[in-house]
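Okay, everyone, can we get the lights? I'd like to walk you through one structure today, going from the whole chain down to a few single residues.

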Amino acid sequence: MSRGNSISSSSTPSDDALIAAIRGGDERALAHLYRLHWPMVSHFVLQNSGSEDDAQDVYQEGVMVFYEKLRDGSLELSCQIKTYLYAVCRRLWLKRLTSKSRFGVRLLDDEEHGPYLNTGAEEDLLAAEEQDRRFTTMSEALNHLGEPCRSLLEGFYLLDKSMQDLTAEFGYTNPDNAKNQKYKCLVRLKKLFFAHYKEAPI
């Protein structure tokens, strides 16, 4: 990594510099980002019926949404990083409060960060939640699949085993038989996935 993308502990880097450094794998940049905006989110959660632990949970989740969107190249910032993080964490905390309350929830916003709706964070967070939901549903579908299908699919897709290896491991007469069984298992998995996915709460 070039020295131009690293973050000095004595400087206050711009958003562009932070983003470039994080993309380049500079862990100090991510730690700096975390420390930089933590007081803002902590204050917000504490003034909206939360605890310090609540604030830490929400902030860590918010930073992870930002980090994953940044690393996979799908982050499109139309605002400052702090505004984006505020919007993500605000949405996460509102969701938690709403799940605990039978009544409507109204949040107190700092004037500086109040205009949060047009940051793109809402869409990014919904996409992250949808991805988590899909992973959870796929895991549940695999658990309901049973053997030998579960081990066969995990061996091929997760452990990167060849059809030759799976033929020997599962006792099939030849790789074509193993491939046919894999296809049947995959069809069953897809049916289970979509059955669970439709039933899962949004």
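Let's begin with the surface: the protein chain exposes about 12500 Å², and 51% of that comes from carbon and sulfur atoms. Keep in mind that what you're looking at is a predicted model. As for what's tucked away, 35% of the 202 residues count as buried.

So what does the secondary structure come to? You've got 8 helices and 0 strands. Read from the N terminus, the elements go α-α-α-α-α-α-α-α. And for contacts with a separation of 6 or more, 61% are between residues 24 or more positions apart.

Now some helix pairs. Two packed helices are described by the angle between their axes and the distance between the axes, and I'll go through three pairs that way.

Starting at the N-terminal end, take helix α1, residues 15–23, with α2. Their axes come within 8 Å and cross at roughly 135 degrees, and that makes α1 oblique to α2. Which residues meet here? From α1 it's Leu18, Ala21 and Ile22, and from α2 it's Ala29, Leu30, His32, Leu33 and Leu36. By class, that contact has 7 nonpolar residues, 1 polar one and no charged ones.

Next up is helix α3, residues 52–71, with helix α4, residues 81–100. Here the axes come within 9 Å and the crossing is at roughly 125 degrees, so α3 and α4 are oblique to each other. The crossing of α3 past α4 is right-handed. There's a good list of residues in this one. On the α3 side you have, among them, Asp54, Asp57, Tyr59, Val63, Phe66 and Lys69. On the α4 side, the list includes Ile81, Tyr84, Leu85, Cys89, Trp93 and Arg96. What's the breakdown by class for α3 with α4? It's 12 nonpolar, 1 polar and 5 charged residues.

Third pair: helix α6, residues 149–158, and helix α7, residues 163–170. They pack at an angle of about 155 degrees with their axes 10 Å apart, which means α6 is roughly antiparallel to α7. α6 also passes α7 in a right-handed crossing. The residues meeting here are Ser151, Leu152, Gly155 and Phe156 from α6, with Met163, Leu166 and Phe170 from α7. That contact has 5 nonpolar residues, 2 polar and no charged ones.

Let's stay in this corner and zoom in on single residues. Ser151 sits in helix α6. Is Ser151 buried or exposed? In between, actually: Ser151 has a relative accessible area of 27%, so it counts as partly exposed. Ser151 and Leu166 are 15 residues apart in sequence, and their C-alpha atoms are 9.6 Å apart in space.

Over in helix α7 there's Phe170. Phe170 is partly exposed too, at a relative accessible area of 24%. If you set aside its neighbours within four places in sequence, what does Phe170 touch? Its contacts are Pro148, Ser151 and Leu152. Phe170 and Pro148 are 22 residues apart along the chain, and their C-alpha atoms are separated by 8.0 Å.

Pro148 deserves a stop of its own. You'll find Pro148 in the loop between α5, which covers 121–145, and α6. The peptide bond joining Glu147 and Pro148 is cis, with omega about 0 degrees.

While we're on backbone geometry, jump back to the loop between α2, 27–46, and α3, where you'll find Ser49. Ser49 isn't a glycine, yet it has a positive phi of about 70 degrees. For context, most residues other than glycine have a negative phi, and most peptide bonds are trans. Ser49 also counts as exposed, with 69% relative accessibility.

One last residue, toward the C-terminal end: Lys179, in helix α8, residues 175–199. Lys179 has a relative accessible area of 44%, so it's partly exposed. In sequence, Lys179 and Leu152 are 27 residues apart. In space, C-alpha to C-alpha, Lys179 and Leu152 are 9.9 Å apart. And Leu152, remember, is one of the α6 residues that meet α7.

If you want to click around on your own screens, try the cis bond between Glu147 and Pro148, then go from Pro148 across to Phe170, which is in contact with it. Okay, that's me done; over to you.

Technical notes: Residues are numbered from 1 along each chain as its sequence is written. This is a predicted model: local features need pLDDT of at least 70, side-chain atom pairs count only at pLDDT 80 or more; totals for chains, interfaces and linings use all residues. Side-chain values use heavy atoms; hydrogens and water are left out. Helices (H or I, at least four residues) and strands (E, at least two) are DSSP runs, numbered from the N terminus. Buried means under 20% relative accessible area, exposed over 50%, partly exposed in between (1.4 Å probe, protein chains only). Contact means heavy atoms within 4.5 Å. Accessible areas come from the Shrake-Rupley method with a 1.4 Å probe; for residues, only the protein chains shown count as cover. Axes are lines fitted to C-alpha atoms, for helices over the stretch in contact, and angles run from 0 to 180 degrees between N-to-C directions. Angles under 35 degrees count as roughly parallel, over 145 as roughly antiparallel, 65 to 115 as roughly perpendicular and the rest as oblique. A crossing is left-handed if the near helix is turned anticlockwise from the far one by less than a right angle, and right-handed if clockwise. Ala, Val, Leu, Ile, Met, Phe, Trp, Tyr, Cys and Pro count as nonpolar, Asp, Glu, Lys and Arg as charged, and the others, Gly among them, as polar.
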